[in-house]
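Hi everyone, thanks for making time this morning. I'd like to walk you through one model, so please have a look at the screen.

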Amino acid sequence: MKTVLIVEDDPINLRVFAKIITRRSGLNVKGTEDVEEAMKIAQAGDADIILMDVSLAHSVYQGKPVDGIKITQMLKADAQTSNLPIILVVAHMEGDREALLKQSGADGYIQKPIVDHQQFVDQILALLPKDN
């Protein structure tokens, strides 16, 4: 079964996203706000796609504050995880879609709040790697 890793610092958003994804797609979901844990899961190949919150308010990696853009850049720069699809999850006023996608190297963009649950799941499924 395919696994969606949700990197999100708001426990309510994490629960809501996980519920929508599991109910509407049957995909497996893992969630964390811990950057080290997210990197380990990605590098171990234990996620097929990542939903990355852009504004991780309290996230630190190797002693430095990081946001979802920086984490996405690190994952895309790592040969082990560069092909892992990443969808940015962005709150209303965080910036221009094209600029964020270009800056981060992410594969997709979803704006919060999630209003259309099926469209949310469809965006994830569209970027999920197909089995060969």
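I'll start with the sheet, then turn to one annotated residue, and finish with two helix pairs.

Before anything else, please keep in mind that this is a predicted model.

So, the sheet. It is open and has 5 strands, in the order S2-S1-S3-S6-S7, with parallel pairing. At the edges sit strand S2, residues 28–32, and strand S7, residues 108–111, and each of these pairs on one side only. If you ignore direction, neighbouring strands are turned by 20 degrees against each other on average.

Let me zoom in on one pair. Strand S1, residues 3–7, runs parallel to S2, and 5 bridges join the two. To find your place there, look for Ile6, which stands opposite Gly31 in S2.

Which strands does helix H3 touch as it packs on the sheet? Follow H3 along residues 68–77, and you'll see that it touches strand S3, residues 49–53, and strand S6, residues 86–90. The direction of H3 makes about 150 degrees with that of S3.

Now for the annotated residue. Asp53 is found in strand S3, and an unreviewed UniProt entry covers it with the annotation "modified residue: 4-aspartylphosphate". Is Asp53 buried or exposed in this model? Its relative accessible area is 1%, and the cut-off for buried is under 20%, so Asp53 counts as buried. Who is around it? Leaving aside residues up to four places away in sequence, Asp53 touches Val7, Glu8, Asp9, Gly68, Val89 and Lys112.

On to the helix pairs. Helix H1, residues 11–25, packs with helix H5, residues 117–127, at an angle of about 80 degrees, and their axes are 10 Å apart. That angle makes H1 roughly perpendicular to H5. From H1, the contact uses Phe17, Ile20, Ile21, Arg24 and Ser25, while H5 brings His117, Gln118, Phe120, Val121, Ile124 and Leu125. Sorted by class, the residues of this contact are 7 nonpolar, 3 polar and 1 charged.

The other pair brings back H3, this time with helix H4, residues 97–104. Their axes lie 8 Å apart at an angle of about 45 degrees, and the two helices are therefore oblique to each other. Here Ile69, Thr72, Gln73 and Lys76 in H3 meet Leu100, Gln103 and Ser104 in H4. By class, that contact has 2 nonpolar, 4 polar and 1 charged residues.

That's my tour, and I'm happy to go back to any part of it. Thanks for listening!

Definitions and conventions: Residues are numbered from 1 along each chain as its sequence is written. This is a predicted model: local features need pLDDT of at least 70, side-chain atom pairs count only at pLDDT 80 or more; totals for chains, interfaces and linings use all residues. Side-chain values use heavy atoms; hydrogens and water are left out. Two strands pair if DSSP finds at least two bridges between them. Helices (H or I, at least four residues) and strands (E, at least two) are DSSP runs, numbered from the N terminus. Axes are lines fitted to C-alpha atoms, for helices over the stretch in contact, and angles run from 0 to 180 degrees between N-to-C directions. Contact means heavy atoms within 4.5 Å. UniProt positions are given in the numbering used here, feature names are shortened, and annotations may be inferred rather than shown by experiment. Buried means under 20% relative accessible area, exposed over 50%, partly exposed in between (1.4 Å probe, protein chains only). Angles under 35 degrees count as roughly parallel, over 145 as roughly antiparallel, 65 to 115 as roughly perpendicular and the rest as oblique. Ala, Val, Leu, Ile, Met, Phe, Trp, Tyr, Cys and Pro count as nonpolar, Asp, Glu, Lys and Arg as charged, and the others, Gly among them, as polar.
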